[in-house]
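Please open the model in your viewer and keep the selection tool at hand. The tour below goes from one stop to the next, saying at each what to select and what is found there.

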Amino acid sequence: LLLPRLRSLASGLAMSSATGTVTVQQPLNYRAGARVHPADGGQLEEVFEPATGTGGTPRPGAGRACRVLCKLPCSGEKEVDLAVQSAKAAFKIWSQMSGMERCRVMLEAARIIREQREEIATMETINNGKSIFEARVDIDISWQCLEYYAGLAGSLAGEHVQLPGGSFGYTRREPLGVCVGIGAWNYPFQIACWKSGPALACGNAMVFKPSPFTPISVVRLAEIFTEAGVPKGLFNVVQGGAATGQFLCQHPDVAKISFTGSVPTGMKIMEMAAKGIKPVTLELGGKSPLIIFSDSDLDNAVKGALMANFLTQGEVCCNGTRVFVERKILDTFTKEVVKCTRKIKIGDPLLEDTRMGALINLPHLNRVQGFIKQAKEQGAEVLCGGDPYVPDDPKLKNGYYMRPCVLGNCKDDMTCVKEEIFGPVMAILPFDTEEEVVERANATKFGLAGGVFTRDIQKAHRVVAALKAGMCFINNYNVSPVELPFGGYKFSGFGRENGRAAIEYYSQLKTVCVEMGDVESAF
């Protein structure tokens with residue numbers, strides 16, 4: 001059992017001895033307040049630990065094939081229906097509770113997450129491959145998200161409008177019902193909190209489907225909600241891939257869908273939701289620009305570029321992977337970025353000094369390597385990294401590691417500049433004028449994020465105002481306070497997560513008009 005084994009590690013949770021030792025035997029579906037085996041479903045899917053590798057053919061020179069974290073049964077249509085009906089029953093109770101009552105339960109859930117931070121972060125690292133250093137930050141953001149929406153739950157209200165003759169109207173902000181959350185594998189626990197926080201604060205129930213690559217930590221969130229006191233069934237978890245997601249999206253009792261993932265899958269979800277006139281929130285891909293002006297603080301800009309490209313092994317949708325550098329400082333900036341990139345410590349993600357862990361799986365590692373190969377063929381220069389990395393530790397030799405890569409001599413029409421790589425690959429592009437770089441920065445089908453580094457604050461605000469992106473950063477990058485809305489433009493999706501804005505996407509407004517006199521008839 002995962003949690004007891006983690007707890008038994010006590011103060012040694014972050015020691016490398018934990019890597020390669022955990023297996024999961026408990027059911028990973030969660031329904032009506034308990035872990036359950038799915039009522040139906042297809043074949044078992046093996047879930048691997050990124051740090052130690054897959055059971056497939058190992059890379060040349062690597063050790064023998066490694067262990068499996070768990071075997072995941074995918075949920076079928078019957079299991080999805082049971083989860084939705086369970087959530088529907090819980091919704092009837094939760095939606096009738098006051099905002100302050102919901103607030104207290106959500107605060108208790110946040111407290112439990114904060115108290116179990118180390119255990120949950122370790123679980124996330126083992127399943128996802130990111131460094132324990134980063135995973136702790138993810139868990140902190142998760143409990144902060146629940147605290148934030150707990151605070152809003154008690155303040156949700158409509159408005160009163162005075163009308164002529166003593167009549168009046170008012171509005172009520174009401175929950176939608178059973179919402180579906182479909183998560184991604186790069187931030188499994190955090191994304192589940194980002195979606196469930198506003199959903200529950202508004203009085204909704206949620207059925208959540210995590211990525212089949214990272215099925216483990218979200219079930220712990222479901223247990224925490226139950227421990228905190230939500231009605232059993234309010235937050236259920238179904239496991240599976242595309243077929244399970246399709247059953248969820250097409251279920252007639254589902255009121256809303258929130259999805260984080262790829263553009264093609266987002267399009268399919270829109271199509272399915274349209275048939276039931278269901279509202280959707282889509283947080284999709286990105287190919288975001290990071291603009292470095294010559295008057296910026298160079299050290300700060302270099303740190304920003306590293307943050308914009310190499311967090312979570314580069315597997316971040318809003319990463320600023322098109323790094324536009326003003327030509328005056330191109331050579332100096334590039335030299336410093338390459339120097340700092342080479343110093344990034346790669347290896348066992350549970351070691352305290354590791355700053356880059358393993359990519360999610362072997363197919364994805366091969367895909368990223370393919371982008372780098374194509375970049376070289378198209379004329380880009382690999383300034384550092386880009387090759388697979390094999391740690392000295394024998395148990396890590398099959399892990400999905402690579403050295404972070406910086407590409408120079410890049411052009412706007414190269415595939416590595418146009419397409420989302422979703423790996424630790426930075427493309428550096430020179431520019432000469434502000435007008436030029438804004439036009440080039442916007443020349444993409446994506447619009448999730450963008451960043452500017454400059455000491456000229458007027459220029460900074462002028463440029464971010466011109467960027468066609470939903471989340472912009474000035475003199476920082478990849479900072480995501482839960483108080484601020486997050487979401488994209490264009491092919492990067494629509495709707496918002498976090499901030500007060502998310503309340504609009506998990507509630508509906510009812511208008512009531514009250515006549516205090518006689519009805520004025522037109523007949």
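A word of care before starting: this is a predicted model.

**Stop one: the core**

Begin by selecting Ile113 and Phe333, the residues with the most contacts inside the largest nonpolar core, which has 162 residues. Then colour α5, the element that gives the most to this core, with 12 residues. Where does this core lie with respect to domain 1 and domain 2? If you colour domain 1 (29-55 + 67-284) and domain 2 (289-482) separately, you can follow the reasoning: both domains give residues to this core, so it lies between them.

**Stop two: the largest pocket**

Next, select Trp185, Phe259, Gly261, Ser262 and Thr265, which, of the 39 residues that line the largest pocket, are the closest to its centre. This pocket has a volume of about 1000 Å³. To see the elements around it, show α8 (242-250), β10 (254-260), α9 (263-275) and α12 (362-377), each of which supplies at least two residues of the lining. Which of the elements gives the largest share of this lining? That is α9, from which 6 residues come. If you now colour the lining of the largest pocket by class, you should find 19 nonpolar, 13 polar and 7 charged residues. Keep the domain colours switched on here, because domain 1 and domain 2 both give residues to the lining of the largest pocket, so this pocket lies between them.

**Stop three: the second largest pocket**

Now move to the second largest pocket, in which about 660 Å³ of space lies. Select Glu134, Tyr187, Met307, Leu311 and Asn478, the closest to its centre of the 31 residues that line it. The elements to display are α5 (132-153), α6 (188-201) and α10 (298-310), which give two or more residues to the lining of the second largest pocket. You have already met α5 in the core, and α5 also gives the most to the lining of the second largest pocket, with 6 residues. By class, this lining has 18 nonpolar, 6 polar and 7 charged residues, and at least three of its residues are drawn from each of domain 1 and domain 2.

**Stop four: the enclosed spaces**

Rolling a probe the size of a water molecule over the atoms shows where empty space is left. How many cavities of 30 Å³ or more does the structure hold? There are 5 of them, and about 70 Å³ of space lies in the largest cavity. To find the largest cavity, select Pro289, Phe446, Gly447, Ala449 and Lys468, which are the closest to its centre of the 14 residues that line it. The lining of the largest cavity has 7 nonpolar, 4 polar and 3 charged residues.

**Stop five: the cysteines**

Finally, look at the cysteines, bearing in mind that a disulfide is counted when two cysteine sulfur atoms are within 2.5 Å. By this rule the count comes to 0 disulfides. Select Cys318 and Cys317 together: Cys318 is in no disulfide, and the sulfur of Cys317, the nearest cysteine sulfur, is 4.9 Å away. Is Cys318 buried or exposed? Cys318 is buried, because its relative accessible area is 5%, which is under 20%. Then select Cys416 with Cys410, whose sulfur is the nearest cysteine sulfur to that of Cys416, 4.5 Å away, and note that Cys416 is in no disulfide. Cys416 is buried as well, with a relative accessible area of 2%.

Terms used
Residues are numbered from 1 along each chain as its sequence is written. This is a predicted model: local features need pLDDT of at least 70, side-chain atom pairs count only at pLDDT 80 or more; totals for chains, interfaces and linings use all residues. Side-chain values use heavy atoms; hydrogens and water are left out. Buried means under 20% relative accessible area, exposed over 50%, partly exposed in between (1.4 Å probe, protein chains only). On a 1 Å grid over the protein atoms alone, a cavity is a set of points where a 1.4 Å probe fits but cannot get out, and a pocket is an open set with protein on both sides within 12 Å along at least five of seven lines; lining residues have an atom within 4 Å of a point. Grid points are joined across faces, edges and corners, and a volume is the space filled by probe spheres set on the points. Helices (H or I, at least four residues) and strands (E, at least two) are DSSP runs, numbered from the N terminus. Ala, Val, Leu, Ile, Met, Phe, Trp, Tyr, Cys and Pro count as nonpolar, Asp, Glu, Lys and Arg as charged, and the others, Gly among them, as polar. Domain bounds come from an automatic or database domain assignment. A nonpolar core is a set of buried Ala, Val, Leu, Ile, Met, Phe, Trp, Tyr and Cys residues joined through side-chain atoms within 4.5 Å.
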